[in-house]
Amino acid sequence: MPKPEKKRAQAGAAIDGRAAEVYQTAARIILQKGYDATSVSDIADALGITKAGLYHYISGKTELLYEIMKFGLEELDQQVMVPAQAIADPEERLRFVISTHARLVMGGEGAVTILVDEARALSPAQNRKVTKLKRGYLDFIRATLDELHAQGKLRGVNTTVAAFSIIGSINWLSRWYQADGPLGKTGIAEQIADIAFHGVLHA
């Protein structure tokens with residue numbers, strides 16, 4: 001069974017509730033306005049604190065973006081990868097990963113989706129660290145697909161392409177999902193999993 005490259009659960013547990021609120025609020029605003037158009041004042045106002053109070057948690061906007069990305073990856077680790085490791089069957093594991101990740105994105109916090117959209121704003125050193133962490137998640141999904149291939153269940157698809165496609169389709173949820181729409185989170189998550197399965201598994 002594949003294992004994440006690095007456990008981040010302990011780091012995630014160290015984030016206090018107020019810091020998590022800062023990251024989640026900032027992520028939501030950046031997701032709506034874009035990183036360049038979002039100011040530190042926007043984030044402070046949304047939190048109901050002063051800029052000085054916000055700087056208790058961050059040293060600057062770029063550092064905040066970096067911390068948001070790490071926070072999002074820690075959410076993926078704790079809520080998706082860690083419990084998925086207990087699932088022996090790769091088909092069941094893949095369905096759990098896709099549907100749980102999808103529900104996480106639809107939770108409205110935005111931290112996970114920013115991993116893709118705003119990485120260009122990071123410093124080279126920060127970008128390398130985030131890329132390494134993201135690679136652990138990609139490798140986890142790809143290893144699960146490799147298991148399915150070994151069992152003869154996978155169609156003739158490249159597992160790297162398939163893993164990137166699955167992650168991309170989930171992250172794109174943040175661009176079109178409407179909380180007040182006719183489909184609930186569970187229904188959408190199940191349909192995304194079904195579409196992914198039809199794309200990579202034999203009928």
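This report walks through the fold of one protein chain and then looks at a few of its residues.

## Overall fold

The model is predicted. Its protein chain has eleven helices and zero strands. Read from the N terminus, the order of elements is α-α-α-α-α-α-α-α-α-α-α.

How does the radius of gyration fit a compact globule? For 203 residues, such a globule would have a value near 17 Å. The protein chain has 18 Å, so the two agree. Along the principal axes, the C-alpha atoms fill a box of roughly 60 × 40 × 25 Å.

## Inside and outside

Of the 203 residues in the protein chain, 46% are buried. The chain exposes about 10000 Å². Carbon and sulfur atoms supply 52% of that area.

Contacts also link distant parts of the sequence. Take the contacts between residues at least 6 apart in sequence: 76% of them join residues at least 24 apart. Charges can be located too. The protein chain carries 24 positive and 23 negative charges. The mean positions of these two groups are 5 Å apart.

## An aromatic pair

How many aromatic pairs does the structure hold? There is one. Tyrosine 23 and phenylalanine 71 form this pair. A pair of aromatic rings is described by the distance of the centres and the angle of the planes. Here the centres are 5.6 Å apart, and the planes meet at 55 degrees. The pair counts as tilted because stacked planes are under 30 degrees apart and edge-to-face planes over 60.

Where do the partners sit? Tyrosine 23 lies in helix α2, residues 17-33, and phenylalanine 71 lies in helix α5. The pair therefore ties together parts that are 48 residues apart in sequence. Helix α5 covers residues 61-84. Both tyrosine 23 and phenylalanine 71 are buried. Phenylalanine 71 has a relative accessibility of 8%, so it counts as buried, the cut-off being under 20%.

## Threonine 50, in a loop

Threonine 50 is found in the loop between α3 (40-47) and α4 (51-54). Is threonine 50 buried or exposed? Its relative accessibility is 52%, so threonine 50 counts as exposed. The cut-off for exposed is over 50%.

Two distances help to place this loop residue. Between threonine 50 and phenylalanine 71, the C-alpha atoms are 22 Å apart in space, with their positions 21 residues apart in sequence. Threonine 50 and glutamate 67 are 17 residues apart along the chain. Their C-alpha atoms are separated by 19 Å.

## Valine 80, in helix α5

Valine 80 is found in helix α5, and phenylalanine 71 is found in helix α5 as well. What is the relative accessibility of valine 80? It is 0%, so valine 80 counts as buried.

Which residues touch valine 80, once its neighbours within four places in sequence are left aside? They are Glu75, Phe96, Val97, Thr100, His101 and Tyr137. Aspartate 117 gives a further distance: from C-alpha to C-alpha, valine 80 and aspartate 117 are 21 Å apart. In sequence, valine 80 and aspartate 117 are 37 residues apart.

How values were computed. Residues numbered from 1 in each chain as written. Predicted model: local features only at pLDDT ≥ 70, side-chain atom pairs only at ≥ 80, totals over all residues. Heavy atoms only, no water. Helix = DSSP H or I, 4+ residues; strand = E, 2+ residues; numbered from the N terminus. Rg over C-alpha atoms; globule rule 2.2 N^0.38 Å. Buried < 20%, exposed > 50% of the residue type's maximum accessible area, 1.4 Å probe, protein only. Contact = heavy atoms within 4.5 Å. Areas by Shrake-Rupley, 256 points an atom, 1.4 Å probe, with all protein chains shown as cover. Lys, Arg positive; Asp, Glu negative; His and termini not counted. Charge placed at Lys NZ, Arg CZ, Asp CG, Glu CD. Phe/Tyr/Trp six-rings, centres within 6.5 Å; stacked < 30°, edge-to-face > 60°.
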